[in-house]
Amino acid sequence: MAAKKSNPIRLYMSMSLDGYIAGPDDRPGQELGRAGGRLFNWLDDRESDGPSGQVYREALATGAVISGRRTFELAGRWQGDHHDGVPILVLTHHVDDGDVPPGHARFVTDVDDCARQAREAAGDRPVMVHGAGAARALLRAGQMDEMEIHLVQVLLGDGRRLFDHLGGDHIELDLVRRLDDRDVTHLRYRVRRREEKTP
């Protein structure tokens with residue numbers, strides 16, 4: 001079995017039961033798509049002592065962020081600070097000359113280099129992943145260690161899916177934690193390495 005890294009790269013993503021992370025027509029001014037805000041009602045409990053509060057605090061304790069370019073732009077580039085001034089590594093295919101991201105953000109074009117920089121920047125803390133594009137790239141490269149899926153009890157029916165166009169590789173997951181809360185189930189999966197055998 002592959003050794004577990006001390007600071008895992010971990011996806012945090014709210015998702016509907018039918019696999020959508022945003023409603024249809026997600027764009028600037030309607031970043032979550034039509035009806036996509038439904039996926040984030042659980043954040044009403046983020047200050048609680050319950051499971052949603054615990055998961056939210058864990059997310060904000062991460063030491064670096066990897067974001068896809070589209071997510072970064074839709075979020076207004078987070079004005080250069082996602083949380084607590086941690087480094088933001090934006091995984092992108094292309095960087096325009098003179099396009100300097102604000103604050104603690106920087107562009108990276110290679111997925112393995114992005115993962116390496118993020119781990120180093122985070123120290124002994126986990127790395128947070130934002131965005132479906134970045135998640136798929138990290139999974140394909142074998143760089144994703146864990147996924148925290150906030151599974152919301154709704155069928156959106158249309159929109160942007162998390163795992164579309166992932167590719168043909170079979171990826172096995174181990175459920176390592178389940179936390180039930182009002183209107184959401186927080187599921188943490190460990191991503192098995194390709195060299196690990198399927199039981």
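**Note on the predicted model: salt bridges, pockets and fold**

1. Arg177 has a relative accessibility of 17%, so this residue counts as buried, the limit for that class being under 20%. The model is predicted, and every value below is computed from it. Arg177 belongs to strand 9, which covers residues 173–181.

2. Arg177 has a charged partner. Its salt bridge is with Glu58, and the closest N and O atoms of the two are 2.8 Å apart. Glu58 lies in helix 1 while Arg177 is in strand 9, so the pair ties together parts of the chain that are 119 residues apart in sequence. The two ends of this bridge fall in separate accessibility classes: Glu58, at 23%, is partly exposed, whereas Arg177, at 17%, is buried.

3. The Glu58–Arg177 pair should be read together with its surroundings. Glu58 and Arg177 belong to a network of salt bridges that also takes in Glu148 and Arg188. In the whole structure, the search finds 21 salt bridges. Side chains of opposite charge can pair when their charged atoms come close.

4. Two further bridges join residues that are close in sequence number. Arg116 and Glu120 form one, with an N to O distance of 3.2 Å. Both are in helix 3 (residues 111–122), four residues apart, or about one turn of the helix. Arg116 is partly exposed at 41%, and Glu120 is exposed at 55%.

5. The other bridge is between the side chains of Arg178 and Asp180, again at 3.2 Å from N to O. Arg178 is exposed, with a relative accessible area of 54%. Asp180, at 45%, counts as partly exposed.

6. What is the volume of the largest pocket? The value is about 1,200 Å³. Its lining comprises 40 residues, and those closest to the pocket centre are Met13, Thr71, His130, Gly131 and Ala132. By class, the lining divides into 21 nonpolar, 11 polar and eight charged residues. Rolling a probe the size of a water molecule over the atoms shows where empty space is left.

7. Several elements contribute to the lining of the largest pocket. At least two residues each come from strand 1 (9–16), strand 2 (20–22), helix 1 (51–60), helix 2 (69–74), strand 6 (127–130) and helix 4 (132–140). Which of the elements gives the largest share? Helix 4 does, with six residues. Helix 1, one of the contributors, is also the helix that holds Glu58 of the bridge in point 2.

8. The second largest pocket has a volume of about 190 Å³. Thirteen residues line this pocket, and His170, Ile171, Arg192, Arg193 and Arg194 lie nearest its centre. The lining of the second largest pocket has four nonpolar, three polar and six charged residues.

9. Ser67 sits in strand 3 (residues 64–68). Is Ser67 buried or exposed? Its relative accessibility is 0%, so Ser67 counts as buried, well within the definition of under 20%. Once neighbours within four places in sequence are set aside, Ser67 is in contact with Phe72, Trp78, Leu89, Val90, Leu91, His130 and Ala134. His130, one of these contacts, is also among the residues closest to the centre of the largest pocket.

10. Ala75 is in the loop between helix 2 and strand 4 (88–91). With a relative accessible area of 30%, Ala75 is partly exposed. Its C-alpha atom is separated by 25 Å from that of Gly123, and the two residues are 48 apart along the chain.

11. As to the fold overall, the protein chain has four helices and 10 strands. Their order along the sequence is β-β-α-β-α-β-β-α-β-α-β-β-β-β. The radius of gyration is 16 Å, close to the 16 Å given by the globule rule for 199 residues, so the chain is as compact as a globular protein of that length. Along the principal axes, the C-alpha atoms fill a box of roughly 45 × 45 × 35 Å.

12. Two chain-wide figures complete the picture. Of the 199 residues, 48% count as buried. Among contacts between residues at least 6 apart in sequence, 68% join residues at least 24 apart. The Glu58–Arg177 bridge, which spans 119 residues, is a case of such a long separation in sequence.

Notes
Residues numbered from 1 in each chain as written. Predicted model: local features only at pLDDT ≥ 70, side-chain atom pairs only at ≥ 80, totals over all residues. Heavy atoms only, no water. 1 Å grid on protein atoms, 1.4 Å probe; cavity = no way out; pocket = protein on both sides within 12 Å on 5 of 7 lines; lining within 4 Å. Points joined across faces, edges and corners; volume = space filled by probe spheres on them. Nonpolar A, V, L, I, M, F, W, Y, C, P; charged D, E, K, R; others polar. Buried < 20%, exposed > 50% of the residue type's maximum accessible area, 1.4 Å probe, protein only. Contact = heavy atoms within 4.5 Å. Salt bridge = Lys/Arg side-chain N within 4 Å of Asp/Glu carboxyl O. Rg over C-alpha atoms; globule rule 2.2 N^0.38 Å.
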